[in-house]
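Open the model in your viewer with a cartoon for the chain and spheres for the ligands. The tour below goes from one selection to the next and says what is found at each stop.

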Amino acid sequence: MARSALLNVMVQAAFKAGKSLARDFGEVQNLQVSLKGPGDYVSQADRKAERVIRDELLKARPTYGFLGEEGEEIKGTDGAHRWIVDPLDGTTNFLHGIPHFAVSIALERQGEIVGGVVFNPATDELYTAERGGGAFLNDRRLRVGARRNLSDAVVATGTPHLGRGNHGKYLVELRHVMGEVVGVRRFGSASLDLAYVAAGRFDAYWERDLAAWDIAAGVLLIREAGGWVTDANGDNRPLEDGSIVCGNEYIAKALGEVIRRPVPIK
Ligand code: 2AM
Ligand code: CA
Ligand code: CA
Ligand code: CA
């Protein structure tokens with residue numbers, strides 16, 4: 001597997017942030033935590049990791065733009081390129097000592113994602129993809145799952161971030177899916193959910209109410225692993241819509257139909 005210089009920059013930034021996160025994960029009880037919205041926590045660890053990544057990436061490519069979850073967007077002088085970064089995806093897991101979280105770094109060129117890195121420092125799993133170059137877990141080439149029927153599928157999801165209550169519509173959707181599949185999993189890190197689909201661990205995944213930094217890298221992983229990605233409407237605008245349905249072509253299309261089934265009016 002030959003990585004381009006640019007992908008190597010992304011990998012090194014992810015490793016450096018991963019070291020910072022691993023240190024903080026070991027002393028998670030000492031971190032300052034604040035609330036951004038209902039159930040939406042942010043800690044010093046998130047902010048520190050974003051600074052590490054931003055400094056690394058902008059040192060290597062000072063003209064590129066930078067969009068990260070925790071800071072102001074930096075508009076680069078190079079209008080064509082932008083980094084899209086989630087320094088800690090799965091903050092709730094992290095703060096609870098659950099070793100399922102990741103750094104997610106994507107590179108956008110003229111509106112298209114051309115590079116993606118997802119790194120879980122707690123397991124040392126590094127997922128990488130470049131457009132046209134395939135997707136990898138460490139050195140192993142990835143391929144999405146081969147199952148063709150939803151009735152054989154293990155499907156991941158995430159619950160919409162609405163605070164307590166107001167989940168009525170989602171629960172109907174979930175009930176529809178549960179009636180069709182082997183099982184549903186809810187692991188709490190969108191970027192790793194996508195990486196697991198790319199690796200064929202999950203047959204499919206859907207979630208709404210996400211931001212571009214949650215999914216930009218993972219979308220490329222899936223496409224480069226031969227998978228199929230749409231938004232919840234079945235269109236090809238997941239980053240813009242903030243929703244995602246993915247898997248192999250058969251399973252993703254079937255899952256999309258199930259989640260778009262009309263919700264009965266009470
Ligand atoms: P985060 O940990 O970076 O915040 C869990 O379903 C997934 O949703 C995680 O990837 C989490 O990312 C993301 N997410 C997006 N918006 C969120 C919010 N308002 N509250 C909690 N998690 C959110
Ligand atoms: Ca967050
Ligand atoms: Ca996130
Ligand atoms: Ca985050």
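**Stop 1: the largest pocket**

Begin with the largest pocket, which holds about 870 Å³ of space. The coordinates are those of a predicted model. To centre the view, select Gly 39, Asp 40, Thr 92, His 161 and Arg 186, which are nearest the centre of this pocket among its 36 lining residues.

Next, colour the elements that contribute to the wall. At least two lining residues come from each of β1 (33-37), β2 (40-43), β4, α3 (91-95), α5 (190-198) and α6 (212-224). Colouring by domain is also useful here: domain 1 (5-141) and domain 2 (150-259) each provide at least three residues of the lining. Coloured by class, the lining of the largest pocket shows 13 charged, 13 polar and 10 nonpolar residues.

**Stop 2: the second largest pocket**

The second largest pocket has a volume of about 300 Å³. It is lined by 15 residues, and those closest to its centre are Gly 111, Glu 112, Ile 113, Arg 223 and Leu 239. Two or more lining residues come from each of β6 (112-120), α6 and α7 (238-241). Which element gives the most to the lining of the second largest pocket? Select α6, which supplies four residues.

The class count for this lining is seven charged, six nonpolar and two polar residues. As for the domains, domain 1 (5-141) and domain 2 (150-259) each give at least three residues to the lining of the second largest pocket.

**Stop 3: calcium ion, ligand 4**

Select the calcium ion (ligand 4) and show its donors. These are an OE atom of Glu 69, OD atoms of Asp 86, listed twice, and the O atom of Leu 88, at 2.2 to 3.1 Å. Along the sequence the donor residues follow the spacing E-x16-D-x1-L. Glu 69 is in the loop between β3 (65-68) and β4 (81-89), while Asp 86 is in strand β4, so this pair ties together parts 17 residues apart in sequence.

Now add the calcium ion (ligand 2) to the selection. The calcium ion (ligand 4) and the calcium ion (ligand 2) are 3.7 Å apart, and Glu 69 coordinates both.

Is Asp 86 buried or exposed? With a relative accessibility of 1%, Asp 86 counts as buried. Glu 69, at 22% relative accessibility, counts as partly exposed, because the cut-off for buried is under 20%.

**Stop 4: calcium ion, ligand 3**

Keep Asp 86 selected and move to the calcium ion (ligand 3). This ion is coordinated by OD atoms of Asp 86, Asp 89 and Asp 214, at 2.0 to 2.3 Å. The spacing of these donors along the chain is D-x2-D-x124-D. Asp 86 is in strand β4 and Asp 214 in helix α6, so the pair ties together parts 128 residues apart in sequence. Both Asp 86 and Asp 214 are buried. For a distance check, the calcium ion (ligand 3) and the calcium ion (ligand 2) are separated by 5.2 Å.

**Stop 5: helix α5**

Go back to α5, one of the elements that line the largest pocket. How many residues of α5 are buried? Nine of its nine residues are buried, including Leu 192, Asp 193 and Tyr 196. Continue along the chain to Gly 200, which follows α5 and has a positive phi, near 75°.

**Stop 6: two buried side chains**

Select Thr 157 in strand β10 (residues 154-157). Thr 157 is buried, with a relative accessible area of 2%. Its side chain reaches the backbone oxygen of Trp 206 at 3.0 Å.

Then select Ser 43 in strand β2. Ser 43 is buried as well, with a relative accessible area of 0%. The side chain of Ser 43 reaches the backbone nitrogen of Ala 45 at 3.1 Å.

**Stop 7: Arg 175**

The last selection is Arg 175, in helix α4 (residues 168-178). Arg 175 is exposed, with a relative accessible area of 60%. Draw a C-alpha to C-alpha distance from Arg 175 to Ile 259: the two are 9.6 Å apart in space and 84 residues apart in sequence.

Methods: Residues numbered from 1 in each chain as written. Chains lettered and ligands numbered in written order. Predicted model: local features only at pLDDT ≥ 70, side-chain atom pairs only at ≥ 80, totals over all residues. Heavy atoms only, no water. Donors = N, O, S within 2.8 Å, 3.2 Å for Na, K, Ca; no water. Buried < 20%, exposed > 50% of the residue type's maximum accessible area, 1.4 Å probe, protein only. 1 Å grid on protein atoms, 1.4 Å probe; cavity = no way out; pocket = protein on both sides within 12 Å on 5 of 7 lines; lining within 4 Å. Points joined across faces, edges and corners; volume = space filled by probe spheres on them. Nonpolar A, V, L, I, M, F, W, Y, C, P; charged D, E, K, R; others polar. Domains from an automatic or database assignment. Polar contact = N/O pair within 3.5 Å; in protein donor to acceptor, adjacent residues only side chain to side chain.
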